[in-house]
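Colleague: Got a minute to go through this model with me? Pull it up and we'll start with the surface.
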Amino acid sequence: MRPLSLKGHERALTRVRFNREGDLTFSCAKDKKPCVWYTENGERIGSYDGHNGAVWDIDVSWDTSKCVTASGDLTVKIWDAELGSCIYTINHQTPMKSCGFSYSGNLVCYTTQKMTKNLSTVQVRDLRDGNQMAEGAESFFSTQFDVNATTALFSQMDDIITIGFESGLLQQYDLRNPDSPINTNEVVHRYSIQDLQLSPRGDFLISASRDKTAALLDVNDLKKLKQYKSERPVNSACISPNRDHICLGGGEDAMQVTQTAVSAGHFEAKIYHMVFEEEFARFKGHFGPINTMAWHPSGTIIATGGEDGYVRIQEFDEDYLGFTYDF
């Protein structure tokens, strides 16, 4: 392992992502400034200035022309990824928790939090339609929930979104017929869904939950295929693009960190075999729980973001690249 430690955030990380080519790393944290870095050497290119609260999520379009951020300052912002200028701002009455682009980069989905008399919502807007992006405009898809929607992403092209909830429920909506969910899974997780990620080929979803497990799901019907058990809550999980491997990150809850030894907190990232559900490797690095992780498109690098405010880019050594699982 040859890690790069990137220090550009003052507070805990909330999301790290690679662009499609993997040459850029995007990160956001509970401070106000999402950052973009060169993956190769960890040099910071710049930050996106404009938010006034914690930034909970960031995503980048397939061609790296735009990025979207969701913040606790009650806004979602669409940015010009290269210039760092804000193109659109979407306002809401409650904090935004997650956001993401569709496959084409034309649609953006985001979740809002339940607060006072406002219910949690999931909304989708079309960036090509100036009327939808205007101040106070209605989104073309919006649905409300009694339970907080913690995460949402496009799971099939521009048509289907998958939503994870605080109760552990998972649902899928088809935007072509959005009246009711087309698939539901309420048994795979018992506590809050912390993260949902799509596999690079688009055939699986992986969900990370506070119930100390991550689950591999069929993208077509949300059926559980495999489940990976950890000793601590799982905050994030990702799928290797070219091997049958899964990586989980998490650890002792941030509030209890001061009461536990580093070894007891289980702050390492753990690599499991996708099919056999067995852990075969782990790597240290963060002094605190891992909040987010992403696997590089090449399959040889993992980026992790921790409660300690660091982004770590871990490049695998020859031992991993030559590793064959002995079953």
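Colleague: How much area does the protein chain expose?

Modeller: About 14,300 Å², with carbon and sulfur atoms supplying 46% of it; that's Shrake-Rupley with a 1.4 Å probe. Keep in mind this is a predicted model: local features need pLDDT of at least 70, side-chain atom pairs count only at pLDDT 80 or more, and totals for chains, interfaces and linings use all residues. Residues are numbered from 1 along each chain as its sequence is written, and side-chain values use heavy atoms, leaving out hydrogens and water.

Colleague: What share of the residues is buried?

Modeller: 55% of the 327, where buried means under 20% relative accessible area (1.4 Å probe, protein chains only).

Colleague: And how many helices and strands?

Modeller: Three helices and 28 strands, taken as DSSP runs (H or I, at least four residues, for helices; E, at least two, for strands) and numbered from the N terminus.

Colleague: Switching to the sheet with β10, what's the strand order?

Modeller: β10-β11-β12-β13, an open sheet of four strands with antiparallel pairing; strands pair if DSSP finds at least two bridges between them.

Colleague: Which strands sit at the edges?

Modeller: β10 (96-101) and β13 (141-145), each pairing on one side only.

Colleague: How many bridges join β10 to β11?

Modeller: Five, and β11 covers residues 107-112. Gly 100 stands opposite Cys 109 in β11.

Colleague: Last one: what box do the C-alpha atoms fill?

Modeller: Roughly 55 × 40 × 40 Å along the principal axes.

Definitions and conventions. Buried means under 20% relative accessible area, exposed over 50%, partly exposed in between (1.4 Å probe, protein chains only).
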